Amino acid sequence: MSKKKTNILRIEHARKSFGETEVLHDISLSVDTGEAVAIIGPSGSGKSTLLRCATLLERLDGGILSYDGQPIAQSDEQGQMVYASAKVLQEVRMKFGLVFQDFNLFPHYSVIKNVTDAPIHVQKRAKSEVLAEAEALLNKMGLQGKDKAMPCELSGGQQQRVSIARALALKPEILYFDEPTSALDPELTGEILRVIRTLAAEHMTMVIVTHEMSFAREVADRIIFMDEGLIVEQGRAKDLVDNPQHERLKTFLNKLET
Amino acid sequence: MTLETIVGMLAFGALTSLMIFFFTLVGSLPLGLLVSFGRMSKIAPIRWLVRFYISIMRGTPLILQLFVVYFGPFLLFGLQMGQDYRITATLIAFILNYAAYFGEIYRSGIESIPRGQHEAAAVLGYTRSQTFIRIIFPQVLKRIIPPMTNEIITLVKDTALAFTLGVAEMFTQARAIVSSQGNLIAFLIAGIFYYAFNALVAFIMERVEKAFAYYHE
């Protein structure tokens, strides 16, 4: 008997337009607890927009968005998108974390304050407990001794690891990565990929938009290939990379190799 | 005039100038923030109204605004204002005028903060006011120190315009002394006063700038 897994994230028939251009057409996907999903595709394929819609930074124009089985946005009879109340959305925001391409650390806060400010002031948790956890997270990210440093004193790779710690400090059920290594020098991508690999080994639920194909193949349980606002192909990571079915995916993979 | 009278007049003038300076800042710095919010409001009529207000404040001479505020209550509504109204009118005009300029400086600072800062805060669950108070505004302050310093230095010199309403500030007093004494010494003292005042303002603002130098973006 197979164990029934719960969908943390579920997106059904999602549509999103910017002005006249529809950038997401009828996207459906779900992510299970403990799963690591990589989203790949050429630039402009809508993968970042999908992540931004899932993290409530952009509003969907159609479809259903659910977290933990609870729909928080769906179209009404007139086809208008209706989002849950601000209060509900605020609770939902605590279920996910997002790591940005360009880190978006708070430059006026030290490393430790970047990590602890939201748990203390948003989640209203006890300061001592938050601090202890943050220290542990920074150690895990290989940032011991950096707690008092300012973001501007760190390398890009260190900043991105702080931002991962900041996201994890809120104990999200699912962590999104939006091209986490794209803003980094090539020699610094390794340290970020190592951190994500560690999280995958711990069965952290993750959705990773990435250009690092070999990394996606190695770390993800499942890869989703998007092109022109559609999910063209998805499947087990190794199958999809080693044995692509669709022409567009084959072309995409070939371009990456050359 | 005895020397004692002269010193007393100048000291009183200096205090009055300082007072105008101080209360103008106390009123216009927070009001300017409200102006910037209004200028960026999602509600179009508020935006238009604030835009209009800023255009008047920036587009007409401060000296004219002083007269309108001073004579307005009587000429428009037939209200008799007391002697004290001179100083009140001065402060009202100064605060309204400077709030418009400060508002635009705040706005430039607020709009210069990258969108990613708002997005990071939103994803971390900060409310809109928490985002502004904890994340955006502290960064805005650092960015607006240079234009603020300029504006505050201008204010020191603009306090002399209160002369036109007969407020006994530094310049008014110096002018009275000069016309009775027949020499320029009082103007020289007034000049030194404004210069030293501004040197102090520049010094303090430099310290503030240094206090914000513990990070850069």
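How much area is buried between chain A and chain B, and what part of that area do carbon and sulfur atoms give? The close-ups below start there; keep in mind that this is a predicted model.

**View 1. Where chain A meets chain B.** About 2000 Å² is buried between the two chains, and carbon and sulfur atoms give 60% of that. Look for A:Phe106, A:Pro107 and A:His108: this trio supplies 28% of the area that chain A buries against chain B, more than any other three residues. In terms of contacts, 26 residues of chain A pair up with 21 residues of chain B.

**View 2. Charged and polar links across the interface.** Two salt bridges turn up between chain A and chain B. One to zoom in on joins A:Arg52 to B:Glu119, with the closest N and O atoms 2.5 Å apart. There are also 13 residue pairs in polar contact between these chains.

**View 3. The side of chain A that touches chain B.** Here α2 (86–93), β7 (96–99) and α3 (111–121) of chain A each chip in at least two residues. The largest share, four residues, comes from α3(A). Sorted by class, this side has 14 nonpolar, six polar and six charged residues.

**View 4. Inside the largest nonpolar core.** This core has 95 residues, and those touching the most other members are A:Leu9, A:Leu65, A:Tyr67, A:Ile174 and A:Tyr176. Helix α6 of chain B (residues 128–158) gives the most to it, with eleven residues. Zoom in on A:Leu9 and you'll find its neighbours include A:Leu29, A:Val31, A:Ala54 and A:Leu65.

**View 5. Another core.** Apart from the largest core lies one of 35 residues, including A:Ile112, A:Phe177, A:Met204 and A:Ile208.

Technical notes: Residues are numbered from 1 along each chain as its sequence is written. Chains are lettered from A and ligands numbered from 1 in the order in which they are written. This is a predicted model: local features need pLDDT of at least 70, side-chain atom pairs count only at pLDDT 80 or more; totals for chains, interfaces and linings use all residues. Side-chain values use heavy atoms; hydrogens and water are left out. Contact means heavy atoms within 4.5 Å. Buried area is the accessible area (1.4 Å probe) that two parts lose on being put together, summed over both. A salt bridge is a side-chain nitrogen of Lys or Arg within 4 Å of a carboxyl oxygen of Asp or Glu. A polar contact is a pair of N or O atoms within 3.5 Å; within protein, one must be able to donate a hydrogen and the other to accept it, and residues adjacent in sequence count only if both atoms are side-chain atoms. Ala, Val, Leu, Ile, Met, Phe, Trp, Tyr, Cys and Pro count as nonpolar, Asp, Glu, Lys and Arg as charged, and the others, Gly among them, as polar. A nonpolar core is a set of buried Ala, Val, Leu, Ile, Met, Phe, Trp, Tyr and Cys residues joined through side-chain atoms within 4.5 Å. Buried means under 20% relative accessible area, exposed over 50%, partly exposed in between (1.4 Å probe, protein chains only). Lists of a residue's contacts leave out its neighbours within four places in sequence.
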